[in-house]
Structure formats: C-alpha cells, structure tokens
Amino acid sequence: MEPDKALRHIEKALEKAPNTPAFLDTYSTILLEAKDFQAATTASQRAIEGDPDNSSFKFNYLQVLIAASEYGEARRVIRDIDRKRLESSELKEFDRLEEILARWARKNQLSIIFTRQFLEKKIGN
C-alpha cells in the first residue's frame with residue numbers, strides 16, 4: 001500500500017478508536033517511513049502507554065528513536081525490551097539496533113575520555 005494511502009487509512013481508524021495501541025503502533029511505523037520522527041515518537045509512546053508489556057511496540061519505538069538519533073533514550077528503551085517476546089522477524093533487526101547503540105556508547109565514552117584528558121591538560125598548564 002502507498003504510504004499516503006496507508007496514512008489516510010490509519011488516521012481514519014484512529015478517529016474511531018484514538019487510544020487503540022495497535023493502531024497507534026501502526027501509525028508510528030507509517031510516520032517513521034515518512035521521516036516524521038516527532039509524531040512517530042508520540043504515537044509510539046501512546047501505544048506503549050496503552051499496552052506497556054508489548055515488546056513489539058517497544059521495538060518499534062526503539063526504531064523510531066534510533067532513526068531520530070535519540071540514542072540516550074534508545075539505550076533506556078532497549079533494556080526494557082524482552083527479547084524472548086519479540087517476533088522472530090524482529091530479532092535480526094533488534095541485534096542490528098543493539099550494535100548501533102553499542103557503537104554509539106563506545107563513541108560517546110571515547111568523547112568523554114578525550115574531553116576529560118583535554119581539560120586536565122588545560123587546567124594543568
């Protein structure tokens with residue numbers, strides 16, 4: 001289905017049932033494809049609020065956060081996902097997202113170390 005058509009369909013569904021977690025999750029996925037990260041984030045958060053134990057909703061939220069370069073929040077979310085409850089089709093992508101976050105964390109840690117070393121040299125001089 002074309003993205004615009006899919007968006008119209010899910011928006012109609014949400015008009016009738018605005019707090020349905022599955023609709024909100026689908027809406028988030030469509031918004032992610034459209035690169036509307038802010039709206040996708042909001043829709044994902046609302047889906048999780050409606051069904052906080054749904055690992056697939058959290059996984060989709062994780063995808064939105066990484067696409068939006070919100071790595072700090074993504075690290076928090078990934079710890080809350082029960083890998084055993086993911087669909088088998090989601091596992092490979094989950095592993096890829098874990099690696100992205102691990103690389104970001106290493107890079108961020110190195111940045112902190114280099115900044116600390118730089119400041120120590122400046123203060124020491």
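Two aromatic rings are treated as a pair if their centres lie within 6.5 Å. With that criterion in place, I turn to the structure before us, which is a predicted model. A search of the whole structure returns two aromatic pairs. I shall discuss one of them, formed by Phe 59 and Phe 94. In general, a pair of aromatic rings is described by the distance of the centres and the angle of the planes. For Phe 59 and Phe 94, the centres are 6.5 Å apart and the planes make an angle of 45°, so the pair is classed as tilted, the class between under 30 degrees and over 60. The pair joins distant parts of the chain, since Phe 59 belongs to helix α4 and Phe 94 to helix α6, 35 residues apart.

Are these two rings buried or exposed? The cut-off for buried is under 20% relative accessible area. Phe 59 has a relative accessible area of 4% and is therefore buried. Phe 94, at 2%, is therefore buried as well.

Let me now place that pair in the overall fold. The chain contains six helices and zero strands, and along the sequence the pattern reads α-α-α-α-α-α. Of its 125 residues, 30% count as buried. The chain exposes about 8500 Å², of which carbon and sulfur atoms supply 50%. Among contacts between residues at least 6 apart in sequence, 45% join residues at least 24 apart.

I come next to the interior. The largest nonpolar core has 22 residues, and those with the most contacts inside it are Leu 62, Ile 66 and Phe 94. Which helices supply at least two residues each to this core? They are α1 (3-16), α2 (21-33), α3 (37-50), α4 (55-67), α5 (71-79) and α6 (88-124). Helix α4 gives the most, with six residues. Beyond its neighbours within four places in sequence, Phe 94 is in contact with Phe 59, Leu 62, Ile 78, Ile 81, Arg 83 and Leu 86. There is also a second, separate core of five residues, which includes Leu 32, Ala 40, Ala 43 and Val 64.

Two of those residues, Ala 40 and Ala 43, bring us to helix α3, where both are buried. The other buried residues of α3 are Thr 41, Ser 44, Ala 47 and Ile 48. The cover over the buried residues of α3 includes α2 and α4. As for the length of α3, its 14 residues should span 20 Å at 1.5 Å a residue, and because its end C-alpha atoms are 20 Å apart, the expectation and the model agree.

Two individual positions deserve mention before I close. Ser 55 is located in helix α4. With a relative accessibility of 4%, Ser 55 falls under the 20% cut-off and so counts as buried. Apart from neighbours within four places in sequence, Ser 55 is in contact with Ile 81, Asp 82, Arg 85 and Leu 86. Ile 81 and Leu 86 are also among the contacts of Phe 94.

The other position is Phe 23, in helix α2. At 29% relative accessibility, Phe 23 counts as partly exposed, because that class runs between 20% and 50%. What does Phe 23 touch, not counting residues up to four places away in sequence? The residues are Ile 10, Ala 13, Leu 14 and Ala 17. For Ala 13, ten residues away from Phe 23 along the chain, the C-alpha separation is 7.1 Å.

Notes:
Residues numbered from 1 in each chain as written. Predicted model: local features only at pLDDT ≥ 70, side-chain atom pairs only at ≥ 80, totals over all residues. Heavy atoms only, no water. Core = buried A, V, L, I, M, F, W, Y, C linked by side-chain atoms within 4.5 Å. Buried < 20%, exposed > 50% of the residue type's maximum accessible area, 1.4 Å probe, protein only. Helix = DSSP H or I, 4+ residues; strand = E, 2+ residues; numbered from the N terminus. Contact = heavy atoms within 4.5 Å. Expected span 1.5 Å × (residues − 1). Phe/Tyr/Trp six-rings, centres within 6.5 Å; stacked < 30°, edge-to-face > 60°. Areas by Shrake-Rupley, 256 points an atom, 1.4 Å probe, with all protein chains shown as cover.
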